Amino acid sequence: MTACQSAAQKVLQGKGLQGMKSYMQKQPAPQSSQCRETQPCNSNSAEEEGGERVVSEEEMEAAALTWSKGLNTCPPATKKQHPILPQEGKRNVLVTSALPYVNNVPHLGNIIGCVLSADVFSRYGHLRGWNMLFVCGTDEYGTATENKAREEGLTPQQICDKYHAVHSSIYKWFQIDFDYFGRTTTEKQTEIAQDIFWRLHERGFLIEDTVEQLRCENCQRFLADRFVEGICPHCSYPEARGDQCDKCGRLINAVDLREPQCKVCRQTPVIRSSKHLFLDLPKLESQLEQWLEKSTSTGDWTANAKQITRSWLRDGLKPRCITRDLQWGTPVPHADFKEKVFYVWFDAPIGYLSITANYTSKWEKWWKNPHQVELYNFMAKDNVPFHSVVFPCSLLGAQDNYTLVNHLIATEYLNYEDTKFSKSRGVGVFGDMAKDTGIPSDVWRFYLLYVRPEGQDSAFSWADMALKNNSELLNNLGNFINRAGMFVTKFFEGCVPVMELQEEDKKLLALVSWELQQYIQLMDKIKIRDALKHILNISRHGNQYIQVNEPWKKIKGGDSERQRAGTVTGVSVNIACLLSVMLSPYMPAVSQTIRDQLNAPPSCINTMLEDNGTFVCSLSAGHRIGAVSPLFQKLEADQIETLKKKFGGQQPEDEPPKKKTTVRNAASAQSAAVPAPAVAVEVGTVNQVDPEKAKQLTQAVAEQGEKVRALKAQKAEKAVITAEVTKLLDLKKQLALAEGKNPEPAPQKGKKK
């Protein structure tokens, strides 16, 4: 008998677990991932009485029997051995996160929508014993990179190198555990993209067409929409852009502008015809529909992913241009198109393949192995069509046994407080700012996952973040785990006491086991936010259990009361160990800290999460724990208020608010010949130039314009396009103010139409 066991024995004179019935609920064998049921879990269907789930005697005895089996003898999950390759007889899961555009510093919405959600699922799969590979990287080609390079006086490659490092640093701080984080400006990208191109060409899935474009002879290049402006053909607004008019909001073609100008050199461009290549989506439509029917019925596709994909197919697919008249991109290898590059939405998804190829020369074992590999794509909803229609069509047409997506997980949007994130306006927290708040990355992870926009848009709120930190982390989760550990240290000399289960304990084991099973069902279905709630439910059960049993009082009583204090303490500290395992995908640093404090055996991880969830006694009587300390700190009201002001784009306190004059209604009643602004204008700001803000807004306008163009190209619903155009117009008005201009000039004189 160890010294620790002896100490526990002296304290309790306990007899261990007795009187167990040989009953255990039969658990269904785990199903193949390719044919799992797609029905939601039954987490809300259990009978409840007085707000608490009713637990049957059979459930209690089954939970107690499982608990008594202790940790299994299987070796714990091993550290990753690179390169990770598919293995025979294992569940091989390939996880991708949408490639972030290189010159955009990601904000919290970008982080939760893509990389953080994918990271949580990847970590979870590894704990479950699946063979996981998680890849991502920066998307580096396209017009926006050329524009950013021009702004900063760097080459496109220098811009990519600079911002790739920024992204890598941000994700490292957020503990995103990529197996490989690459980039698209590589030789492998050129090699693989050009191979897919030739295979499509040889099989007749590419068609040529002539497009009229504006060309600046002075700059010697065709002008992208964002590089040209002129007079609107509809309302005569003199600063209309090449994609739509700021004033009337009408969508326009750049060649229809009157008196167009190149925004770079201010010379007048000319109309030239340019030959382009299109992916013949109509020719691939039947193949796509057959594949989609199978993938969406057997895999886990979010509802919005299915809906967006259906909207593309509803009116029939149209040919989609895959080439651009740019210099910065993957070159088109065809002799007739040698001065063109691939359009980013043809090229960028191929980055998943090339990034994997830069990770391992055996990349085809992942990407040309659909019968052995499951592919999970994580993204925000605006990226869905390119992953569910365009990219699959490219791979189907290439006819090279490519692995296509099995599970497409798209989030809705995360807003900031009651508005949108905006780097240019200083609104919202961006990835490079989070670490400067002094709030640990695990707390950021927790809150973003707590408000993850799974079924509808959600919002980041400083007040709510403080509330969730102080109530859920500090007072609920942290309080329970700390109390359980402190009782062991204070009352039992740091050793887990002997436990003799009574009916109340078995009921708690059954409740905890049920929460664990719900957690696993939800995580298997990538319901990450909902699964987190079951972790917090377990600690609530634990806190209530401690409060009712009052071990700090019973330890001072007679033998039976001291025994009861030991059982409650032992059960509680084992629940804390389970919580450390369940928290691991969400809060990896906190999870490790808990296991270190409890001196938990490594095998607790794979035991707890095997099959449908197995809550066993992992810290048996006599186990010595380590030093226990608090896990979380309170977020104070003044601290939160300071941060809210800092990231709210608000004016300094010593600067009085500027008056606003709103004259929209008055203007509508006047003659068109009378100049009248039609927006809320900040008095005294029209002529104040803010070069830095203008620079940031120029980028924001470019990004939103790209989004509008993408929606137009995909024939999105009119209401969706209109909403995004409205956002673009608002950004352009802000840009005009920052450039010292009136956001809208006086209407042109003439008869009102």
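Helices, as counted here, are DSSP runs of H or I of at least four residues, numbered from the N terminus. In this predicted model, helix α12 gives the most to the lining of the largest cavity, with 4 residues. Strand β15 (373-380) and α12 each supply at least two residues of that lining, which as a whole is made up of Y352, W367, L375, N377, H387, F391, P392, L395, T403, L404 and V405. The space in this largest cavity comes to about 70 Å³, and the count of cavities of 30 Å³ or more is 2.

Helix α12 also takes part in the aromatic contacts of the model, for which the count comes to 32 pairs. Among them, F342 and F346 form a tilted pair, with 5.0 Å from centre to centre and 50° between the planes, and both F342 and F346 are buried. The ring centres of W345 and F386 lie 4.0 Å apart with the planes at 10°, so this pair is classed as stacked. Because W345 belongs to helix α9 (residues 344-347) whereas F386 belongs to helix α12 (residues 384-398), the stacked pair ties together parts that are 41 residues apart in sequence. W345 has a relative accessible area of 19% and is buried; since the cut-off for that class is under 20%, the assignment of W345 follows from its value of 19%. F386, with a relative accessibility of 1%, likewise counts as buried.

Elsewhere, ring pairs join Y416, F421, F430, W444, Y447, F460, W462 and F647 into a cluster. Contacts between charged side chains and aromatic rings are also found: R91 lies over the face of W130 at 4.0 Å from the ring centre, while the charged end of K533 sits over the ring of Y450, 4.3 Å from the centre of that ring.

Two further helices were examined for burial and for the residue that follows them. Helix α3, which spans residues 108-127, bends by about 40° at L116. Of the 20 residues of α3, 18 are buried, so this helix is largely enclosed by the rest of the structure. G129, which follows α3, has a positive phi, near 90°. Helix α4 (residues 143-152) is mostly covered, with 7 of its 10 residues buried, and the buried residues in α4 are T143, A144, T145, E146, N147, K148 and A149. This helix α4 is followed by G153, whose phi is positive as well, near 70°.

Among the strands, an open sheet is formed by 4 members in the order β7-β6-β11-β12, with antiparallel pairing. Strands β7 (221-222) and β12 (320-321) stand at the edges of this sheet and have a single partner strand each, so that one side of each is left without a neighbour in the sheet. The pairing of β7 with strand β6 (residues 206-216) is antiparallel and extends over 2 bridges, and R215 stands opposite F222 in β7.

Technical notes:
Residues numbered from 1 in each chain as written. Predicted model: local features only at pLDDT ≥ 70, side-chain atom pairs only at ≥ 80, totals over all residues. Heavy atoms only, no water. Phe/Tyr/Trp six-rings, centres within 6.5 Å; stacked < 30°, edge-to-face > 60°. Buried < 20%, exposed > 50% of the residue type's maximum accessible area, 1.4 Å probe, protein only. Lys NZ or Arg CZ within 6 Å of the ring centre and 35° of its normal. Bend = angle between axes of the 7 residues up to and from the residue. Pairing = 2+ DSSP bridges. 1 Å grid on protein atoms, 1.4 Å probe; cavity = no way out; pocket = protein on both sides within 12 Å on 5 of 7 lines; lining within 4 Å. Points joined across faces, edges and corners; volume = space filled by probe spheres on them.
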